[in-house]
Amino acid sequence: MTQSQDLLQKLANITADSPLAEARLSREAATQHTQGSYDVLFSGHDSGDFPLSLRLALAQQIASWHGEEELAEHYAARNTTAPPEDRLASALAHAELLTFKPASAEPSHLQSLEQAGWSKAAIVTLSQLVAFISFQSRLLRGYRLLKGEDGSAASTLSVNAAAWRSDAPTLSGKKTPPAFTREELGWEPWLAAKPLAEFNALEKATLARFGHTDSDYFRLLARNLPLLEQRTLTDKGIFYTSGGLPRKERELAATVASKVNGCIYCASVHARKAAQLSKQPEDIQRLIDTAPGQPLAVDQSPRWLALIDFSASLSATPPTANVQQLAALRKEGLSELELVDLVQSTAFFAWANRLMLTLGEPFTETV
């Protein structure tokens, strides 16, 4: 992939011979499929009832909400047509919810979109777009920090654990998880997953290749299958690569982001993995037991304190991660590649959490 094809390299002004460029080259799949996700969302193809002008207008606003004005300007410069007014208000309301308060989403929010004329496929793409820009903005923030830039004053405030709504049954009447946990949870969609019979043979093969055939979540996202494919490959390029940050600490970063965003389902999956890989279940349990409103970076080893502090700050909206936190990580011996892995692992869950929280909800598997 050349720099002209790599939007983030261009916007972050990453020079080809820099340590950051070399580290990103080691993670070529993540770089390639992050760009591929952008291309699917903003190529202008398959727009249907979600035209490119509206996608670009939304992307501009979401990037601005995240404090990434250069990214916002990029989307503004691409947009030469006014978005349809009858769709803009409902799309912006959904985008604002996903950006700032994803854990407060309710089934009624998706019902409102359907009443405003949005199809199920367009709602999925809209949610993917908001979540992707949340990911993209954090990657840019992280890459700029790795270059030594610090676009805002360092925040002295800790980023705290979010609350989880557990006082009502799920839409179908199942029991909601009462607290963050490492136990397995179920998840049910608020929009109908696309029936397997409606996929053609090639599409079924794509689902099967990634193990998505029997998952309501992934068959819901497969209402935009090209984007799901690129997102899945991005995920694999971030979490399933050799060298760099140990996998246990990539899973730790995913857990921290999920605690900041209030995503109890993602936290359960990745806390469980982090505990298994690290052989430190007590430390992971202490992290996920952090009460709402309390700081996450406490009562851990110096290395994990630095990792948790940075991941939590990068997960804030807008992100507050700063060069002082990176300096603390480098003091703990993290290499450039490890730092890139940390940025990417944390940022990806700005994407993953927002989909899980706003397209459906978890339930307890036990009676």
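What percentage of the contacts in the chain between residues at least 6 apart in sequence join residues at least 24 apart? In this predicted model, the share is 76%.

**Figure 1. Overall fold of the predicted chain.** Secondary structure is assigned as 17 helices and two strands. With a radius of gyration of 19 Å, close to the 21 Å that the globule rule gives for 367 residues, the chain is as compact as a globular protein of that length. The C-alpha trace spans about 55 × 55 × 40 Å along its principal axes.

**Figure 2. Burial and exposed surface of the chain.** Buried residues make up 56% of the 367 in the chain. The area exposed by the chain is about 14800 Å², and 52% of this area is supplied by carbon and sulfur atoms.

**Figure 3. Charged side chains.** The chain carries 35 positive and 41 negative side chains. A separation of 3 Å lies between the centres of the two sets.

**Figure 4. Surroundings of L233 in helix α11.** Helix α11 comprises residues 225-239 and includes L233. When neighbours within four places in sequence are left aside, the residues in contact with L233 are H33 and F210.

**Figure 5. L233 and Q32, two positions 201 residues apart along the chain.** The C-alpha atoms of L233 and Q32 are separated by 9.0 Å. Of this pair, L233 belongs to helix α11. H33, a contact of L233, may be viewed together with Q32, whose C-alpha atom lies 9.0 Å from that of L233.

Methods
Residues are numbered from 1 along each chain as its sequence is written. This is a predicted model: local features need pLDDT of at least 70, side-chain atom pairs count only at pLDDT 80 or more; totals for chains, interfaces and linings use all residues. Side-chain values use heavy atoms; hydrogens and water are left out. Helices (H or I, at least four residues) and strands (E, at least two) are DSSP runs, numbered from the N terminus. The radius of gyration is taken over C-alpha atoms; the globule rule is 2.2 Å times the number of residues to the power 0.38. Buried means under 20% relative accessible area, exposed over 50%, partly exposed in between (1.4 Å probe, protein chains only). Contact means heavy atoms within 4.5 Å. Accessible areas come from the Shrake-Rupley method with a 1.4 Å probe; for residues, only the protein chains shown count as cover. Lys and Arg count as positive and Asp and Glu as negative; His and the chain ends are not counted. The place of a charge is taken as NZ of Lys, CZ of Arg, CG of Asp or CD of Glu.
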